[in-house]
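Reader: I would like a close look at one part of this model, the place where the two chains meet. Please take me through that part slowly, and then show me how it relates to the interior of the protein.

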Amino acid sequence: MNQDATAPPAGEPVAPHGGRPLPLPKSRAGRWLQRRLPIDLDALRYYSNEPVPNHLKHWWWCLGGTPAMLFAVQAVTGILLSFYYVPDPSQAYESVKRVSTIVPFGWFLRSIHRWSSNLMIAAVILHMMRVFFTGAYRKPRELNWMIGIGLLGATLFFGFTGYSLVYEQLSYWGATVAGNLTEAVPIIGPYLARLLRGGEMVGDNTLTRFFILHIGILPALITALLGAHVLLFRLHGVTEFEFESPKLRGSEEKKTFPFFPDHVMTELIVGIGLAFVLTCLAVIFPVGLAEKANPLQTPPHIKPEWYFFWTFRWLKLTGLTFAVLSIGFFGFLALAWPFVDAAIRRRRPASELSVRLGILAVCALVVLTVWEAFATH
Amino acid sequence: MTLDQKRMIVAALSFLFLASLLVVAWVEGGKERIHPKPRPVVGADSAKCLQCHEQKTPVIAAQWTDSRHAQLGVGCYECHRADEKEPDAFQHEGKWIATIVSPADCGACHQDIAREFQHSHHSQAAQFIGSLDNVLGEVIEGRLAAVNGCWQCHGSTVAFAKEKDGTVRKDKTGKPMLDPTTWPNTGIGRVNLDGSRGACSACHSRHAFSRAMARQPEVCGKCHMGPDHPQIEIYEESKHGIAFRTRLAEMNLSSESWVLGVDYTAAPTCATCHMSATRNQPVTHDVGARISWTLRPVISRKLDEWEKKREAMKDVCANCHAPDFIAAFYTSFDATVEMWNSKFAVPAQSVMDALRARHLLTPTPFDEEIEWSFYRLWHHEGRRARMGVSMQGPDYTQWHGFFEVAERFYFDFLPKAREAGRGDPQVTRALKAVLDSPEHAWLKGMSPEDRAKIDAFYRERYGAETVK
């Protein structure tokens, strides 16, 4: 049998699509590995060394990687915490107490997990604000914006299910309020609330469902959305802007800089900086444990976590049904904003409505959040 | 920022991060120092015991492992070792040991506590043998009722099982066997083979020797309960008991130091008032050290040095109550006990004395109904009334106390006394003296004026139709 003269020797790795033979590393171990992992190192080097626009040197443009890093912290600490957590109403609170007081370094893991969740939500919000105000959601990146909105929703739901698992008073009554809000959604609300709670009220089934959501469904969802988000980001490339500032624009000769190692080093600074900040927060402000959930005693003053303050205040101001419908509308508007914005800009190309609306929305959220933070009832 | 500058920042941040992890380790170490976990210290002899007993009696071994004794290296052998000359000593795996750890053994380390206890009323609890109670239990009810009932609280006199020829029975290893009617027994006044009295494990259950358990009211409630001395029931219905149940989590029961007003403030337990430390007095294992009355006998009397004892109790009360409150309580308590004495105890005793003086009762106790009636009057109902008022249990003072005392006295004891007296002049005089006293004048009938007052009150309060 004749062999193709251009074909690589049998057993040697080739580039995808029957391309050229992959260059073999010089070391024996390298060659061993290359034969078993036939990755085109040149192609990998090409993709990883892709030049990125100069403005990525600015810290404001590094927020995208931050939630992903914090998500990794959450995954590691969450797995360790789940070794001790018991998702049963009769044991949940005690198991968290055990983690905080008896398990070696348990207090540290729990504090890191809680602080990291808060920072992750803050980082997602800041990242989305950057994307929104720089118009980076516009064509052809509309889908990635929508995935981002999905990630924001999943992250908030992650936070909610997380603090519900502790089974403090806030956990129980927060879940009760969330159940009531869900019930107020027209038509599907009652069914959705029952699905979420596993019954008419928050009970044994609710904790199990929240636990499964928190450690199984939401991590898988976020991983999938994050994968799609990064993939689309890589396919489209980094959004290029026209900056007036030479610092952001760079010089004519150096409009870009290498992703590796320059930008990776920047992300590394952010990552290690975050690890340091998280450790400091955990040591200086370790997470405590409030009163155990008591279904028979409604606390006189109950507040959710800070990222739901605005919804809570809005609910108090407008009433249950209007609040649920309006929050649903805001969510839909945020999701569809790239298309709404495009329609507006088609009619008025120079419109700055999105920026104005964005400022208005941020101001409203800040006012409602601060108002709820300082309100006594 | 150049790449080198970034590298420098990464290095600096990495250093800071690692340093912060050292702080985390330091905080974790501090946590361990604040909450030391029991780390058993096991001597060579006790280690040998544990090798087998962790398999044979794992629960005992585990309880000991969690105990304070374990942390201090007080192991199996340290407590159970015995001198060859001790009567109950036997050889076990090459060592001389004894089964029973007596207060004399505990006192080797806890000298002051052992001394206090030997002076306490608790240590005398088995001395009731020979009293009327013992005849009732051992003869009338049956000896095993006493063995498994009375003795389990009061304490047995520990003895060896005997062979027919009177020698001590031994098992195949040569271990002397204890008389099963006298042991197992953790009665508070147990008379031990070494002559010491008591069983520390009555309150400090072996082998955890938990402080918290000894401070729980339930420990006292094992014996201080029931129809004749329902202290635990009275405590539970009192404000003190309610506060304890409500705030149990705040009682700090496991704390080494347990000073009222310093280490806990939530509620008092039995131990708080009768034994535990206040800011002015140390803990005592003489449970009578703060008791001013004896409410046990037919006629209550104040104990020796009662003023000193009362001051000690008032010092406990003063952590929560003002002096006026305490003084008013004691005025009312004293008056109520004196009312029991003068209205029921002294008259009933005088009638019984007259019946006995006139030989109208047989010398055999409890063979006549009036003796049962008299016994119930003072030993059950009368004690309930007195103990109820002493511990602020209103229902035990009245419905379970004086109400039943009155019913027993007027409609059971006095009729039986008349019947037993059979018209004897001395008994008749005694009965007349009782009924002529002002406390019992109501029995002769109400004056028309008094009756009219009551009718008028009922008419006003409940309507005219309620008064026929």
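Author: What follows describes the interface, then chain A as a whole, and then the nonpolar cores.

The model is a predicted one. Start with the contact between the chains: 20 residues of chain A are in contact with 19 residues of chain B. The area buried between chain A and chain B is about 1800 Å², and carbon and sulfur atoms give 80% of that area. On the side of chain A, the residues that lose the most area to chain B are Trp107(A), Ile269(A) and Phe276(A). Together these residues account for 30% of what that side buries.

The polar side of the account is brief. Between chain A and chain B, three residue pairs are in polar contact, counting pairs with both residues at pLDDT 80 or more. Across the same interface the rule finds zero salt bridges.

Now consider where the side of chain A that touches chain B comes from. H5 and H11 of chain A each supply at least two of its residues. H11(A) provides the largest share, 13 residues. Sorted by class, this side has 14 nonpolar, five polar and one charged residues.

Next, the chain behind that surface. The secondary structure of chain A comes to 14 helices and two strands. Chain A has 377 residues, of which 40% count as buried. Among its contacts between residues at least 6 apart in sequence, 75% join residues at least 24 apart.

That leaves the interior. In soluble globular proteins, nonpolar side chains tend to be buried together. Here the largest nonpolar core has 45 residues, and the members that touch the most others are Tyr85(A), Phe160(A), Tyr167(A), Phe210(A) and Ile222(A). The elements of chain A that give two or more residues to this core include H5 (106–133) and H11 (259–284), and these two helices also supply residues to the side that touches chain B. Also on the list of contributors to the core are H3 (65–82), H4 (92–101), H6 (142–165), H7 (169–183) and H9 (204–236). H9(A) gives the most to this core, with eight residues.

Tyr85(A) can serve as an example of a core member. Leaving aside residues up to four places away in sequence, Tyr85(A) touches Ala92(A), Ser95(A), Val96(A), Leu165(A), Leu207(A) and Phe211(A). A second, separate core has 32 residues, among them Phe344(B), Ala345(B), Ala348(B) and Val434(B).

Technical notes: Residues numbered from 1 in each chain as written. Chains lettered and ligands numbered in written order. Predicted model: local features only at pLDDT ≥ 70, side-chain atom pairs only at ≥ 80, totals over all residues. Heavy atoms only, no water. Core = buried A, V, L, I, M, F, W, Y, C linked by side-chain atoms within 4.5 Å. Buried < 20%, exposed > 50% of the residue type's maximum accessible area, 1.4 Å probe, protein only. Helix = DSSP H or I, 4+ residues; strand = E, 2+ residues; numbered from the N terminus. Contact = heavy atoms within 4.5 Å. Buried area = accessible area lost by both parts, 1.4 Å probe. Salt bridge = Lys/Arg side-chain N within 4 Å of Asp/Glu carboxyl O. Polar contact = N/O pair within 3.5 Å; in protein donor to acceptor, adjacent residues only side chain to side chain. Nonpolar A, V, L, I, M, F, W, Y, C, P; charged D, E, K, R; others polar.
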